[in-house]
Each structure stands twice: as structure tokens, then as C-alpha cells.
Amino acid sequence: MGFDAIYAVLPDHADKISRLQYLLAEARLPVVSVIGKYNHGKSSLLNALVERDQFAVSDARETTVLSYFEHEGVRWLDTPGLDADVARKDDREAMTGAWQQSDIRLFVHCVREGEFDQSESDMIDALQQDAADSGRQTLIVLTQIEQVEEQTLANVQARIKQQASKLPIIHVSAHRYLQGLQSGSALKLKKSGINELRQALQIAMAEVLQTRGDEVLELGESLGSLIDQGLSNLQARLDHQQSTKQSRLAGFAEEYRQLHSKLHQQLNRA
Ligand SMILES: Nc1nc2c(ncn2[C@@H]2O[C@H](COP(=O)(O)OP(=O)(O)O)[C@@H](O)[C@H]2O)c(=O)[nH]1
Ligand SMILES: [Mg+2]
């Protein structure tokens with residue numbers, strides 16, 4: 001059975017099917033993507049991690065499609081973000097693509113904004129659920145920390161911990177890191193938190209191959225039983241249609257017989 005046929009039998013499970021198709025297609029580097037609202041610092045964070053101006057940074061909405069950069073064994077993936085306009089086809093495709101391709105997500109939230117809003121909480125719920133289902137990990141990254149007092153950072157962090165109890169939280173400043181690189185300031189580099197994030201990513205990355213293998217088995221099994229169920233539902237519908245058709249035909253035949261014998265009687269009487 002080809003993938004087109006699987007999509008046709010299970011139209012409600014396109015996400016799972018495309019993830020399986022993606023995993024089976026070819027061997028790929030671990031994919032680390034950023035997710036979060038515009039302007040929270042996703043592209044800047046990736047630039048700090050790859051130590052170059054690779055991804056477009058702006059105060060306006062800059063990233064509208066997925067953009068990739070392969071660097072030191074990782075495929076980094078920048079996304080338009082959570083406030084993507086789902087009515088727009090390219091936004092929708094970008095969000096689905098990122099969901100399908102990511103092995104590890106960095107959920108980026110600017111600490112100046114305080115706690116998560118509703119759209120972020122909804123996404124966090126979905127990511128925590130996905131971690132349980134597929135084993136794919138999400139790290140919460142509080143960004144732009146050099147812009148707030150330490151006490152504010154601690155308060156926001158405590159609140160976010162309540163909102164996303166199952167995910168690790170790391171706090172960083174991409175600007176501080178880039179300034180540290182330019183000025184050669186070891187203190188700035190240290191206080192940027194980027195190295196802590198790198199360490200957490202290393203640990204998560206070491207599990208990617210195992211997680212992908214488990215995911216293929218799990219998706220194969222769950223889609224397999226959904227296909228069996230889908231096919232037997234289809235068979236039941238066909239059987240039902242067939243028997244409705246037959247009883248209708250039997251009805252016609254009976255009516256015809258009655259009409260025929262009535263005509264006969266009338267002819268005989270005449
Ligand atoms: N002060 C400060 N500003 C930042 C930091 N990271 C990003 N920004 C600024 O926040 C704005 C949005 O950044 P960008 O990376 O494009 O956010 P994105 O829309 O989430 O990708 C830009 O003006 C960045 O210069 C940071 O660590 N500190
Ligand atoms: Mg961006």
C-alpha cells in the first residue's frame with residue numbers, strides 16, 4: 001500500500017502519515033527548530049547558536065517561510081512563528097512542515113512579556129502531549145534576559161514552570177552572546193546562557209536516533225491498526241450498500257410480480 005492510499009483511507013491522520021513518510025524518506029541530520037511568537041527572538045537565538053548572521057532578524061514580521069542552515073552536524077530550522085496567519089497558505093504549510101520535520105523544538109519566549117499567553121499555552125500543551133506520544137523533546141528558552149532585573153526573571157521563570165511543568169527551562173540573551181563574541185568578553189559569553197543551552201541540546205541530540213527509531217515503530221503500529229479499522233469500516237459500508245441495493249431490487253421484483261398477477265387476473269376475467 002503506497003502513502004497516497006494511506007492518506008486516502010485515513011484523511012484525519014495526515015500529520016502522523018507525513019511524519020512517518022518524512023522519517024522513512026532518507027537519513028537526515030537532527031533537526032532543531034524554533035517556535036514562538038514574532039519578535040520574541042527566535043531568529044536571533046539561532047544566529048547566536050550558529051555564530052553568524054544566518055537568519056533574518058527584524059522588529060517586523062520577517063520570517064514567512066521555513067529557512068534552514070546546516071552547521072556542525074545539526075539542521076537548524078527557523079519558522080514564521082506562532083502568530084502565523086493560518087488563512088495564508090504559505091504560513092500554514094510552514095507550520096505543518098516544521099511540526100513534521102523537527103526532532104527537537106526550542107520554544108522561544110521573551111522574558112519581558114511575562115507569562116505565556118493563551119496561544120503559547122495551547123502550543124505548550126500540544127508540545128507536552130507530543131513529547132509523551134512521539135518522544136520528541138521541547139526545551140523552553142526564555143530570551144532577551146539582559147533586559148530585565150534578576151528578580152523579574154526569577155518571577156517569570158517560576159510562573160512559566162507552573163504553566164509548563166514537564167519541560168526544561170533555560171534562559172539566554174542572544175545579544176549578550178554576540179556582544180561577548182565581538183568584544184572577546186568571557187563574562188558576557190558566560191552570562192548569556194547560550195553555553196547552558198548548547199549543553200542541554202547536546203543531551204537531547206544524543207537521543208534523536210533512538211527516538212526516531214521508536215517513533216517509526218510506534219507510528220507504523222498505530223497507523224497499521226487504523227488502516228485495518230479504516231478498511232473494515234469501508235467494507236462494512238460497501239456491504240451495507242450492497243444489501244440495501246439487493247433488498248431494493250427484491251422489492252421491485254415483488255411489486256412487479258404482484259402487478260403481473262393482477263393484470264393476469266383482470267385479463268382472465270375479461
Ligand atoms: N535586547 C535584546 N534584543 C533582542 C535579543 N534577541 C532578539 N532581540 C531583538 O528582538 C527583535 C526580534 O528579534 P527576532 O530574532 O527577529 O525575533 P523573531 O521574530 O522571534 O525571529 C529584534 O529587534 C532583535 O534585535 C536579545 O537577546 N536582547
Ligand atoms: Mg524570525
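Helices (H or I, at least four residues) and strands (E, at least two) are taken here as DSSP runs, numbered from the N terminus. On that count, the protein has 10 helices and 6 strands. The structure is a predicted model, in which local features need pLDDT of at least 70, side-chain atom pairs count only at pLDDT 80 or more, and totals for chains, interfaces and linings use all residues. Residues are numbered from 1 along each chain as its sequence is written, while chains are lettered from A and ligands numbered from 1 in the order in which they are written.

Confidence comes first. The mean pLDDT (the predictor's confidence in each residue, from 0 to 100) is 90 for the protein, with 96% of residues at 70 or more. Among the elements, strand S6 (residues 169-171) has the highest mean, 98, and helix H4 (residues 89-101) the lowest, 81.

As for overall form, the C-alpha atoms fill a box of roughly 115 × 35 × 30 Å along the principal axes. The radius of gyration (over C-alpha atoms; the globule rule is 2.2 Å times the number of residues to the power 0.38) is 28 Å, whereas a compact globule of 270 residues would have one near 18 Å. Contacts are counted when two C-beta atoms, placed from the backbone, lie within 7 Å. Of the contacts between residues at least 6 apart in sequence, 70% join residues at least 24 apart.

Now to ligand 1. Its shell holds 20 residues, with Gly 41, Lys 42, Ser 43, Ser 44 and His 175 coming nearest (near means a C-beta atom, placed from the backbone, within 6 Å). Helix H3 (42-50) and helix H7 (174-183) are the elements that give two or more residues to this shell, and H3 has the largest share, 3 residues.

Turning to the interior, 28% of the 270 residues count as buried (20 or more other C-beta atoms within 10 Å of a residue's own; exposed is 12 or fewer, and partly exposed lies in between, with C-beta atoms placed from the backbone). Strand S4 (residues 104-110) gives 5 residues to the largest nonpolar core, the most of any element. Val 108 touches Gly 41, Lys 42, Leu 45 and Val 141, among others, leaving aside residues up to four places away in sequence.

Gly 184 sits in the loop between H7 and helix H8 (186-191). Gly 184 is exposed because only 8 other C-beta atoms lie within 10 Å.
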